[in-house]
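Good morning, everyone, and thank you for coming. Please take a look at the sequence and the structure before I begin.

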Amino acid sequence: MQLVVARIGRAHGIKGEVTVEVRTDEPELRLGPGAVLATDPATVGPLTIETGRVHSGRLLLRFAGVRDRSGAEALRNTLLIAEVDPEELPEDPEEFYDHQLMDLDVVTRDGVEIGRITEISHLPSQDLFIVERPDGSEVMIPFVEQIVTEIDLEEQRAIIDPPPGLIDDRAEIASAREAEAAPEDRRDAEAAPEDQA
C-alpha cells in the first residue's frame with residue numbers, strides 16, 4: 001500500500017536542500033537517509049534521501065543527484081510516497097495511518113450517525129477529518145482527543161463528542177435568541193438616561 005508521507009516545499013540554501021511538509025507520524029522511519037520514495041508526479045522520482053536535518057523546527061532533506069538550488073526548486077510541491085505493508089500498525093496505539101481512518105463511520109457518543117470519513121487533511125496545527133454526511137454535505141471535525149474520543153477499528157467507527165455548533169446548528173439557535181432579546185435590551189438602554197434625569 002502506498003502512503004503520502006511528505007510534500008516538498010521550498011528550496012533551502014544553495015546546496016540542494018528542500019523543506020518538507022511532513023505527513024507521517026513516523027518521519028524518522030519514513031524519511032530517514034537511504035529511504036527510496038515514489039513521487040507524485042511519478043516522472044520526478046523515485047527519490048533517494050541522502051541527508052536529513054531539522055532547522056528552525058522544519059525538516060530539511062537532500063536527495064541523491066540534487067546538488068543545487070535550481071534542482072531543489074524543481075521538486076517543489078512533489079508528494080513523497082512510501083510503500084507500507086497494509087497490515088503494519090504504528091508503534092503508538094493512539095496513532096493511526098490515514099488508510100485505517102478512511103471510510104470509518106462517524107457517530108456521536110449517543111449513537112447519532114454523522115457520516116463517513118472521506119478525507120484527512122493534515123494542517124500545521126492539527127489534522128481534520130472531512131466527513132460526508134448522509135445528505136451529501138461535508139463537515140470538518142478536528143482530530144483532537146477532546147472531540148474524537150475513540151477510534152474503534154473493529155467496529156469501523158470513530159466516536160465523537162462534538163462541542164455545540166460543530167455538527168448541528170445549536171450555536172445558530174443561541175445567537176438567534178440573542179438577536180430576539182436585543183430589541184428589549186436597546187429599549188432598556190434608551191430608557192436609562194430618562195430614568196437618571
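Where is the place of Pro-46? Pro-46 sits in the loop between strand 3 and strand 4, where strands are DSSP runs of E with at least two residues, helices are runs of H or I with at least four residues, and both are numbered from the N terminus.

I should say early that this is a predicted model, in which local features need pLDDT of at least 70 and side-chain atom pairs count only at pLDDT 80 or more, while totals for chains, interfaces and linings use all residues. Residues are numbered from 1 along each chain as its sequence is written, and side-chain values use heavy atoms, with hydrogens and water left out.

Staying with that loop, the peptide bond joining Gly-45 and Pro-46 is cis, with omega about 0°. Pro-41 is found in the loop between strand 3 (36–40) and strand 4 as well, and the bond from Asp-40 to Pro-41 is also cis, with omega near 10°. Most peptide bonds are trans, and most residues other than glycine have a negative phi.

Asn-77, which is not a glycine, has a positive phi of about 70°, and Asn-77 lies in the loop between helix 2 (69–73) and strand 6.

Finally, the largest nonpolar core has 22 residues, and Ile-8, Leu-31, Leu-61, Phe-63 and Leu-80 have the most contacts inside it. Such a core is a set of buried Ala, Val, Leu, Ile, Met, Phe, Trp, Tyr and Cys residues joined through side-chain atoms within 4.5 Å, buried meaning under 20% relative accessible area with a 1.4 Å probe and protein chains only.

Notes
Buried < 20%, exposed > 50% of the residue type's maximum accessible area, 1.4 Å probe, protein only.
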